[in-house]
Every structure is written in structure tokens, then in C-alpha cells.
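Colleague: I'd like a close look at a single part of this model, the site that the database record marks for binding, along with the open space around it. Pick one residue to start from and work outwards.

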Amino acid sequence: MTSAEFRLDPEAYFPTNFDAAAARRRAATDAPLLAAVRGEKPSRRPIWMMRQAGRSLPEYRSLRSNVAMLDACFDAELVAEITMQPVRRHDADAAILFSDIVVPLKAAGVDLDIVPGRGPVVANPVQTMEAVKALPTMERDQLTSIVEGIGGILSQLREDQVLIGFAGAPFTVASYLVEGGPSKNHEVTKSLMYSQPDVWHALMRQLTPTIICFLQTQIEAGVDAIQLFDSWAGYLTARDYREFVAPYSAEIFRVIKEYGIPMIHFGVGTGELLGDMAIVGPDVVGVDWRVPLDSAAARVKASLEHAHPTAAPAEQIKSLQGNLDPAVLFAGDDVVAQHIKRICAEADRAIERGQARGHIFNLGHGVLPTTDPDAITRAFEEVHKS
């Protein structure tokens, strides 16, 4: 089977339960983030920040002082509390579920740990067909604590605030498995991709249903939107992305689309891939800080028009998310305000030109751990005034 022919066997992932998912969502339909995704005028410009829950907050450091990362990810009370900490402090328009992209692997039984100062480390890297076939399959009951944590979060959010669930995209999850941990160059991953494409595609086919199941579980527990992180896709050429990555991310969005909730796609260093990442099917394209939002919107629209020339004009644009450089938060309030004004103007120009549907303010990557929490709060206030 080639990647271009890939379609997941419906029995490879858990059956959908649309009614349960809809019944548990409690955000108002006019919540700012939801309105922005639809292209309506929100009551205020929505903002949340990737890694808003974490090391920048003293309350997080206190809570996690004697708790390992993965232990925290599977503790329902900690998941709820850590997720809510930045929402309370910063008046965020969205909470992002406290979790990690390797959580579904850990839940399934893969021998891995998150090592402080390094990141996810896999005991037995997956580099052969035998290793791919030996990967355990995740069962939904292995995520019970996460479902309980989501319930605890939903009970605390206002109706104008949404909860975003997330997962790592197959390429990024595969890179950790193949490399055995974080990598600066992804040379082992890419060499496997090039030299043993059959093993690579088997691995991607193995991971895709697990990621779908992880997202389904979050959606049916009540999250209002999802984000698919392809953190390391920016290391690929557009040609390689289309062959080795896009079909699997597209399958995830195809299945999740049926739930009718906003879907966001984000990667780091993906300026040359923005169009391709839009084509795989999200409603919102996240943009890192390297590309101005109006330029990003033009790239996305051009790619969608080329890929779907007969589609309705509304289907040839996406909403945008981004894209303040996380380092700007260290530069003082005046500088932060200038950059926020610039970014909002770029997004508004794209919307006025019909190249984007709406704008969700965010960073161009995650909050840096030494960021002053009060500077983050002031940035949220500035965006809400824009």
C-alpha cells in the first residue's frame, strides 16, 4: 500500500459517538475562539498560548515539585488543576489540556519516560518492521484518568472559554520512536524514511489509529476543539511531506471532521509547508513567528485554490492562529504591545482581503520557561484591547 492510497480501516479506531461528544460540550456557540474560527466577529480577539500551563508559572512548579511529568499527565486532579492555572491567571479564551504527545504511547504500554532537561526517551527505538509490528495497541480504558481530568476542567470553565484537546501528528510521534528521543537533525528518522519506506509507512499506519483514538476520547469527553501538533514537520521538504506525512495527517482530520468541532494544525519552521498543512484538512492553520500572518494567509489560499480549483471560495481560506515570537515577552510591555499591534494588523489585512477567515492570537511556539507570568498576563490584556 502506498501512502497516496491510505485509508484507515474503520475498525482500526473506536466507533464515533457524536451524541455523547455534543452533549458534553458546554461552551457557548459565540465564545470568541469559536466565532473567530467561523469567520464571525468575536466579542474580543481570542488568545491562548501554547505551553501556557507549565514551567513559567510558580503555582505549576510548586504542584509538580515532587511529581514526574507522565505521572501528572495520568492524574485526573492534576490534569484539571494544571490546565486551569493559566486560564485563571491570564483570563485566557481557551484552556489547552495538560498532557504530552507521547501520552497515548505510554498509555498503550510503550517503555518510555520524559526525562527532565531532555524530553521523551524511548527505551527500545522502533527501526525495523518487527519493532513496528510489536508496538502495543492503545485501549480506550487506558485513558480513564484523562477523561476524568477533562470533566474537572469543563466544570470550571466559563461558557465563553473553550477547552482544546490535542495530539502529536504521526510524523512527530514517529520521530521520537525512531530516534529514541529528541533529535536536532532527525537523521535516523529521515534515513529510515528514505531507505526503508515500507517500514516507515507501516509505522505511520500503526500510529494513525492510536492518535485518532486519543483525539476521539478527548472529544467525546467534551473538549471544544483539537490541535494536531506536527512539531518537527519543518525539517522536511514539501515533496517529502506530501509523500511520507500528509496522507496520515489528512486521515486524522477526515475522521475527526465528523465531530463538527474546530481543528487546528501547527508545526514549527513550517513556513514552506503552510499550504500543504492547510490542504490536509484543518479549519485553522497555526503559524510560527517566522512568517507574517498576511503572507501566511496568501500562501495558504494559493495552495488551496491550486488543490481545489472548483471549491467554493469559503473553502479556499482558513482561519489563522499565531504568531508572536515567545522571546518578545522578555522585551518589555511597550515592545510587546508594538508586536501585538503589528500581528493583529497583519491578520486583519488578510481577513479584509478574503485570504483568511478569522484570527486566534497565540505565540509562534510555546511559552519559554523563564518568562515572567505577569508579562504574559499583560500580553493577554493587550490582545483583548486590540
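Modeller: Let's settle one term before anything else: contact means heavy atoms within 4.5 Å. This is a predicted model, so local features need pLDDT of at least 70 and side-chain atom pairs count only at pLDDT 80 or more, while totals for chains, interfaces and linings use all residues. Residues are numbered from 1 along each chain as its sequence is written, and side-chain values use heavy atoms, with hydrogens and water left out.

I'd start from S231. S231 sits in the loop that links β5 (225-229) to α12 (238-244); helices (H or I, at least four residues) and strands (E, at least two) are DSSP runs, numbered from the N terminus. S231 counts as buried because its relative accessible area is 14%, where buried is under 20%, exposed over 50% and partly exposed in between, with a 1.4 Å probe and protein chains only. If you skip the neighbours within four places in sequence, S231 is in contact with T172, F266, G267 and V268.

S231 is also one of the positions in the UniProt annotation "binding site", from an unreviewed entry, together with R51, Q52, A53, G54, R55, D100, Y176 and H365. Annotations like this may be inferred rather than shown by experiment. Along the chain the set spans 315 residues, and in space the positions are spread as well, with C-alpha atoms up to 23.0 Å apart. The lining of the largest pocket takes in R51, Q52, A53, G54, R55, D100, Y176, S231 and H365 from this set. Take G54 as another example: G54 belongs to the loop between α2 (32-38) and α3 (58-63), and G54 counts as buried because its relative accessibility is 6%.

Now the pocket itself. On a 1 Å grid over the protein atoms alone, a cavity is a set of points where a 1.4 Å probe fits but cannot get out, a pocket is an open set with protein on both sides within 12 Å along at least five of seven lines, and lining residues have an atom within 4 Å of a point. The largest pocket holds about 1,200 Å³ of space, a volume being the space filled by probe spheres set on the points. Its lining has 40 residues, and R51, R55, M69, S99 and D100 lie nearest the centre. R51, R55 and D100 also appear in the annotation. The elements that supply two or more lining residues here are β2 (112-115) and β3 (119-122), with β2 giving the largest share, three residues. By class, that lining has 25 nonpolar, nine polar and six charged residues; Ala, Val, Leu, Ile, Met, Phe, Trp, Tyr, Cys and Pro count as nonpolar, Asp, Glu, Lys and Arg as charged, and the others, Gly among them, as polar.

You'll probably want the second largest pocket for comparison. About 650 Å³ of space lies in it, and of its 27 lining residues, K257, I279, V280, G281 and K318 are the closest to the centre. Both α13 (246-257) and α14 (274-279) supply at least two residues of that lining, and α13 gives the most, seven. The class split for the second largest pocket is 15 nonpolar, three polar and nine charged.

As for closed space, searching the whole structure turns up one cavity of 30 Å³ or more. The largest cavity holds about 50 Å³ and is lined by L105, A108, L135, P136, Q206, L207 and T210. Two or more of those lining residues come from each of α6 (103-108) and α11 (197-221), and α11 gives the most, three. There are five nonpolar and two polar residues in that lining, and no charged ones.

One last spot, if you want an exposed residue to set beside S231: T29 is in the loop between α1 (18-24) and α2. T29 counts as exposed because its relative accessible area is 60%. Leaving out residues up to four places away in sequence, T29 touches L34, A35 and R38. T29 and E159 are 130 residues apart along the chain, and their C-alpha atoms are separated by 8.8 Å.
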